[in-house]
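Hi,

Here is the structure I promised to pass on. Have a look at it first, and then read my notes underneath.

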Amino acid sequence: MKNNNKGVKGTPLDMKALQKEIGGLVLMLLALFLIAALLSFHPDDEASFGTLAWHDIFSRSARDVAESIHNPFGLFGARISAFFIRSFLGYSVILPLTAIFLWGWLLLRAKSLKPAILFSLYSLAFSLDIATMFGLTSAPFSDMMAGAIGRMLAEFLSVVIGFTAALVLLSVIALVLTLYMGQTALAEGMRLVLAAVKSSVRSFAAFRAKRAEKRKKKAELQKLKEKKREEKREEKRKLALKKEAQKKEELKKQTLKQEPESEPFVSASAVPLVTPVFQEELLLPEPPLPEPSAAERTPLALQSKIPGEPEMIIHQAVREKEADLDERRLKVQTKDREPYRFPSIDLLEKVPDDNDQIDQQHLDESKRKLLEKLKIYKIEVKRISTTVGPRVTLFELELEPDVKVSRVKSLENDLAMALSARGIRIIAPIPGKNAVGVEIPNGKPKTVWLRSVLQVEKFKNSTMMLPIVLGKTIANEVYIADLATMPHLLIAGATGAGKSVCINVIISSLLYACSPDKVKFVLIDPKRVELFQYQHLKNHFLMRFPGIEEQIITDPQKAVYALKCVVKEMEIRYETLEKAGVRNIGDHNRRIPEEALPYIVVVIDELADLMITAGREVEEPIIRIAQLARAVGIHLIVATQRPSVDVITGIIKANFPARIAFQVASRVDSRTILDGSGAEQLLGNGDMLYQPSNQPKSMRIQGPYVSSGEVEEITSFIGSQHALKNMYVLPSPDINKGNGISSSGYQEKDGKDSMFEEAARLVVTHQQASVSLLQRRLRLGFSRAGRVMDQLEFSGIVSEADGSKAREVLIQNEDSLELLLRNLD
Ligand SMILES: Nc1ncnc2c1ncn2[C@@H]1O[C@H](COP(=O)(O)OP(=O)(O)OP(=O)(O)O)[C@@H](O)[C@H]1O
């Protein structure tokens, strides 16, 4: 017989109800998420994810972009809200989203869906009406209320029935909807929504209370277990002590039996043991630490072993093979048949005689304090090995198997206090090793001189394209990186920490390694004082810019121009490579050596100064170069003393995988630069953490020191030579045609957007220069409209952007505009 049990769980009917409930809950949560993301819309987020496609949302670059996102729902929330506001119905979409919530609620409660259908229709009609109304107006916030659909409908209506009739019609529709439908559907809908919200809040509160109760119970259970375990341990200990005492007693009896006539002598081990404390008191003191003799101090790779302490192995410092740089061919002939001489190494000051002796006393002292502190926290160390670097010593601690690595990491501040030293850094664990690293500053820090790191075989025989010496690692190894593979470098750190010295070292390395045919520099120095010494390089290494005299750029507006010239050069180079049928500059130069292209190194010493004055205008070309220039041999070195997210924006960071952090004020600053802490513990004076683009962890390096006197010597030596006949002039961003790599996909004419002239006429007719006007009237996307506005500014049609103030239209009437457009042609 068939059982018709409708109410029993597990029947098909019940499953259906469950599915509906789950569906309802999902709809409610989705609606709440979308509403919250929409209300958290932040206009700056669009700039951050501007170049990130939807499908890149899980990529590595997305993680960096996500850091600069203001929307609390992250990248996804930011994109969704921007989609609703820009491409859909603007904020008016909130009503249809509320309708989704209502659907969910009614499904969950298994109620009739009629009110939801009514409310959906009403909300859709009402939001379309409102969005179109805002689309008709040009109030500052109207763009955000209308969205693309509202603007499109407004445009259509104003063409078909005119602006006034459209406004009247829409107002009447809104009134009718509010008065008639509103009384029924809206009232009902709102009542239900309110009921749903109240009930959700109540359920959530109940859920939280339940969880708190559960947690409390769990904690009590844990305590009970711990107590029992402790009791068991105590019992075991007592038993062991009892056994030990019995053993001793027996031993004593035997001894007394064997030596009845001997002198009464009480040895420490023969004393009957009553308590473990007594036993500890009777232990003989450890022999005093032997003073290290002079002979012990000198050899490297020695071992120290103090009874009761883990043995210490001192690693031998790497001895770099020296080489005389002046032995190579110093005189070469440039492409335009001018002789060129490389600077001699003798232009750098002689390195003071520095002995390699290890400060053994400081080493032992640091080790003792370190172990003492670890002992307090019950962290047992099996073995220690040390490597003495130029500024810090690395203690590698091999821990007992049961010690957690994270415990040592949490002691960073306590250890710093115990050793009364700044600059203690804990690496837990050391990558690839079963050990924790503790870096402790040396008692007597050593300066690493530029001459000493250039005079090595590694540099002399380097096959790198653009070798730059970054300094010495903790093992005293000279570290050379290839700028050509980096391919761009971000340098950040507090003022006075060593950024400028580092830039001088990098440029000097390149001057010692490359001829003027191989590398050229674009130097941008908004601080005006850092790079002026390189003026001497103007006839050999510095790029020229069309229309401006200066070769070292200090003015922010000229910096934007110079960067745009570099972007143009990059585009032309792409065309050249395409024509030659090669993939990168290396292949091109090998295939057509007579037309070899020089590498271009763009140095910006103080990005913050540029970002403050030129903002997005400067960010845009930097990002374009950073994203595309690697294959064509253009490399950026950007330094800043302000490691904040408004200077190192997510998108800049995403495109500079190789970074150097000098000492910074806080952990937050360190994170901004390196995505991890550590730079706040650095010592200044060239002590850096270098994050290579191809490795997950940063490494500590001591940067070399080069004085401004030495830089002056090198540059004036080069400047005193015959000027090159053919100087490299960058193309003007506007004059040259062609755009081989236009990533935006829109047509360009003479470097300008195809809508440029129409946009110019529009802003002059309306005497209003806003990006939203261009978006609305010319149906351009947000970023394209922004670019067109930049072109209008560059052609002198509108003023430059000034914070929140609207731009001014600089051309008063259409006749003057036509004249200007003809001249631009
Ligand atoms: N590698 C180094 N070795 C030894 N001392 C150094 C090193 N680098 C920098 N210093 C010392 O620190 C001082 C400041 O360095 P530098 O001018 O490079 O700092 P900065 O970070 O560029 O500062 P700012 O942002 O104010 O320009 C130098 O004058 C020098 O005395």
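**The annotated binding site**

The unreviewed UniProt entry has a "binding site" annotation that takes in G493, A494, T495, G496, A497, G498, K499 and S500. Keep in mind that this is a predicted model.

I looked at two neighbours from that stretch, and they come out quite unlike each other in burial. Both A494 and T495 sit in the loop between β11 and α16, with β11 covering residues 489-492. Buried or exposed, then, for A494? A494 counts as buried because it has 20 C-beta neighbours inside 10 Å, and the cut-off for buried is 20 or more. T495 has 11 other C-beta atoms within 10 Å, so T495 is exposed. Leaving aside residues up to four places away in sequence, A494 touches Q641, F662, Q663, V664 and A665.

**Around the ligand**

There are 15 residues around the ligand, and the ones that come nearest are T495, G498, S500, G686 and Y705. T495, G498 and S500 are also covered by the UniProt "binding site" annotation. By class, the shell has ten polar residues, four nonpolar and one charged.

**Helix α16 and its partner**

Helix α16 runs over residues 499-513, and its axis comes within 11 Å of the axis of helix α23 (residues 708-719), with a crossing angle of roughly 35°. The crossing is left-handed. From α16, the contact uses N504, S508 and L511; from α23, it uses V711, I714 and I718. Four of these residues are nonpolar, two are polar and none is charged. As a reminder on helices, residues three or four places apart point the same way, because an α-helix has 3.6 residues a turn.

**D555 and helix α19**

D555 lies in the loop between β13 (552-553) and α17 (556-580). Its C-alpha atom is 8.1 Å from that of D525, with the two residues 30 apart along the chain. How many C-beta neighbours does D555 have inside 10 Å? The count is 16, so D555 is classed as partly exposed.

Helix α19 spans residues 607-614, and its buried residues are L607, D609, L610, M611 and A614. What do they pack against? The buried residues of α19 pack against two helices, α17 and α20 (616-628), and two strands, β14 (599-605) and β15 (634-640). Right after α19 comes G615, with a positive phi near 50°.

**Transmembrane annotation**

UniProt, again in an unreviewed entry, places "transmembrane region" features at residues 21-41, 88-108, 115-136 and 156-181. I have figures for two of these spans:

- Residues 21-41 are 90% helix and 0% strand, with the end C-alpha atoms 31 Å apart.
- Residues 115-136 are 100% helix and 0% strand, with the end C-alpha atoms 32 Å apart.

**The whole protein**

Zooming out, the protein has 27 helices and 20 strands. Of its 825 residues, 37% are buried. Among contacts with a separation of 6 or more, 68% are between residues 24 or more positions apart.

If you start anywhere, I'd pull up the loop between β11 and α16, with A494 and T495 in it.

Cheers

Definitions and conventions:
Residues are numbered from 1 along each chain as its sequence is written. This is a predicted model: local features need pLDDT of at least 70, side-chain atom pairs count only at pLDDT 80 or more; totals for chains, interfaces and linings use all residues. Helices (H or I, at least four residues) and strands (E, at least two) are DSSP runs, numbered from the N terminus. A residue is buried if 20 or more other C-beta atoms lie within 10 Å of its own, exposed if 12 or fewer, and partly exposed in between; C-beta atoms are placed from the backbone. Two residues are in contact if their C-beta atoms, placed from the backbone, lie within 7 Å. A residue is near a molecule or strand if its C-beta atom, placed from the backbone, lies within 6 Å of it. Ala, Val, Leu, Ile, Met, Phe, Trp, Tyr, Cys and Pro count as nonpolar, Asp, Glu, Lys and Arg as charged, and the others, Gly among them, as polar. Axes are lines fitted to C-alpha atoms, for helices over the stretch in contact, and angles run from 0 to 180 degrees between N-to-C directions. A crossing is left-handed if the near helix is turned anticlockwise from the far one by less than a right angle, and right-handed if clockwise. UniProt positions are given in the numbering used here, feature names are shortened, and annotations may be inferred rather than shown by experiment.
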